[in-house]
Amino acid sequence: MAKSAIQKIAMNPSENIAFDKLVLSQENVRRIKDGITIEQLADDIGRRKLLQSLNVRPVLDGDGEETGTYEVPAGGRRYLALGILVKQKRLAKNEPIPCIVNRSGTTSAEEDSLAENVHRENLHPLDQFRAFKALKEQALDVEEIAARFFVSASTVKQRLRLASVSPKLLELYEKDEIRLEQIMAFSISNDHARQEQVWERISGNPHMQEPYYIRRLLTETTVRADDRRAIYVGAEAYEAAGGVILRDLFEQDSGGWFQDAALLEQLVFDRLKTDAETIRADGWKWVEAAISFPYGHTSGMRRIYAEPAEMSAEEIARYDAAKAEYDALDAKYAEMEDADQEIEDKLDQLGAELDAFSDRPQAYDPDQKAIAGVFVTLGANGQLQVDAGFVRPEDEPRAEADDDGAEDDDRDAPQSEDDGDKAVVVNGRSVNGSADASEEPEEEGIKPLPERLVFDLTAQKTLALRNALASDVDTAFVTVLHALVLQVFYRFAKDSCLEISLTSNSFGQVQGLAETSWAKEIGERHEAWDRDLPDDATGLWEFLLSLDEASRKALFAHCASLSLNAVVEPWNKRPGALAHADALASTLGFDMVAAGWEPTVDNYLGRVTKARIVQAVREARGEDSAQLIDHMKKDLMAREAARLLEGSNWLPEPLRLDSDEPAADAGETVSEDPTDETAADEDAAELPAFLAEHADPSSDETSTVADDTADHLQAAE
């Protein structure tokens, strides 16, 4: 069977029709002005001429004959723009206009008008970027491009900024695998490798692909322009030193980000040094300058204060006269029934004069300044913060000895036994020449842990538990809800480990706490949120409403975690709160081992008695291992115990949860594998010399102990 021929489509012809033969069709569907105004379109046509023909239909008379006039159902805005050019006499009335003439009548005028507007597709932002980029390469500046296309200069800059985005990411954007908002966030950095690294990190998790999070990752090694260091140095000085400031053209960036943090720090230190020298030139003995000082850095120092300068005899006489006149006039005015403006003005004048005497400048005593110093730091607003008048203990005036000879006698006299027991303090630790002096008197049995140690350990537990709580949003919500319900329905109940008023203890007295991974993670997270939050608290509510759910939950969990307090304090008994902390840890699946805590000489073993050290090794490695160290001196015992406890997952009591049990006594475990004997011998041979020297090879009992210990160590590994 023969196939029927496919009828070919015949296009409507194109004709040049004089403008005065054209009229706007009433069937044009566009009624509301939207986008570029007619005047702007007229200017554009005047510059580049007509780019798109008008769609017209012939106007017919009563007999169906063409009248020579044509209506314009599609292209009405172009027609009106041409009309403006005619009125401006920039275009002749009879100028031929390119038109597509529709005489077929297969579609209505309304349909043609609607089709032209509906079937039009806006230019993709990436295509617009490429077009703007091509124009810029043709020597057109941003302002000229903006003027020609009736957009703002910032819009052109935003599109051109996409050039800073990695071509790989732009390719994903072209395939609709990345949103425009994400591309805009990536444009904050010019580092294509870093952009690709961030995308690889977040591409598998939709909750991490929000633009704000992308910006945060790209700027995590930078310093915000509203940071106190950046404010102190200033953008001009930073850029003059070769620094680069990253700017976000798509959102308010509060001045951007200083890219080179190391350069900024150096500029801060250089300026602080200069400012400190200027302050010291005022007569102070010393000046210490830093971006910030640790909590309690002035502990043990006496502080002196500036005092108002003493009044001269003439000033005293004038003060007494003014005070007497004020008191007399005030008493007189108090007895008057009617107000007197003249007396009130005189009282104000005298009062101001007396206030001037009270508010006279204050100054430090030069003799005191000679022994005192100043701490110079940066305030939160980037301004220099000067705390003056601190006297170090070694700079305090010393009373001279009444009898120099007696002093010499004392110096030459032999030390008594009591003097020999006195310790020298170095870096907070007591040391002296005698090796045995550091030995603590031991008592039979296990003594309770020192209260300070329990505090320090539970402070570490608290910080680690805070960090764990911050990573579990759902549990954080339930935890805070629990605390809120306690306060609303059980007004005086305090069985919650959350200080829901958000009183957050810093535990600054615990040495090394700031260097833990938990403290650093908390600090970094806190600083990141602090940067994102509005400067003015009045805008906080709207900011929180604008956050997506995931961001709101993350901020909620962070705030809730900061109020957690699981510290054991002897003066503050909170059994219910501490029990709740353990219950919370259990719900989080948290323990200090997984959080990274291990017993060391500094954090535990060097701060407890020998009996406690032996007990720890016994619980973790068994009785045989404990016997290998129980005869050692404390410092050696602590170091060897730390080695034995590595990887044992052992925790001291304050760091255990209620459900935790001490490690099983490994001494009760017996291997049934005969091949373990050879391995045990090899492990025993690798014991440190100071352990091996105490083992008698001729003693079967000692050999068995060493072998058993090696078995247990191998099993633990």
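This text walks through a small set of strands and then through two lysines with an unusual backbone angle in a predicted model.

A good place to begin is the open sheet, in which three strands are arranged in the order β6-β8-β7 with antiparallel pairing. The edges of this sheet are formed by β6, covering residues 223-224, and by β7, covering residues 245-246, and each of these strands pairs on one side only. Looking at one of these edges in detail, the reader will find that β6 is joined by two bridges to β8, the strand of residues 257-258, and that β6 and β8 run antiparallel. One residue to look for here is Val223, whose bridge partner in β8 is Phe258.

From the sheet, the reader can turn to the backbone angles of two loop residues. Most residues other than glycine have a negative phi. Lys49, although it is not a glycine, has a positive phi of about 70 degrees, and this residue is placed in the loop that lies between helix α1 (38-48) and strand β3 (54-60). Because exposed means over 50% relative accessible area, Lys49, with a relative accessibility of 55%, counts as exposed.

The second case is Lys89, again a residue other than glycine, for which phi is positive and near 60 degrees. Its place along the chain is the loop between helix α2 (76-87) and strand β5 (96-101). With a relative accessibility of 76%, Lys89 lies over the 50% cut-off, and Lys89 therefore counts as exposed.

Conventions:
Residues are numbered from 1 along each chain as its sequence is written. This is a predicted model: local features need pLDDT of at least 70, side-chain atom pairs count only at pLDDT 80 or more; totals for chains, interfaces and linings use all residues. Side-chain values use heavy atoms; hydrogens and water are left out. Two strands pair if DSSP finds at least two bridges between them. Helices (H or I, at least four residues) and strands (E, at least two) are DSSP runs, numbered from the N terminus. Buried means under 20% relative accessible area, exposed over 50%, partly exposed in between (1.4 Å probe, protein chains only).
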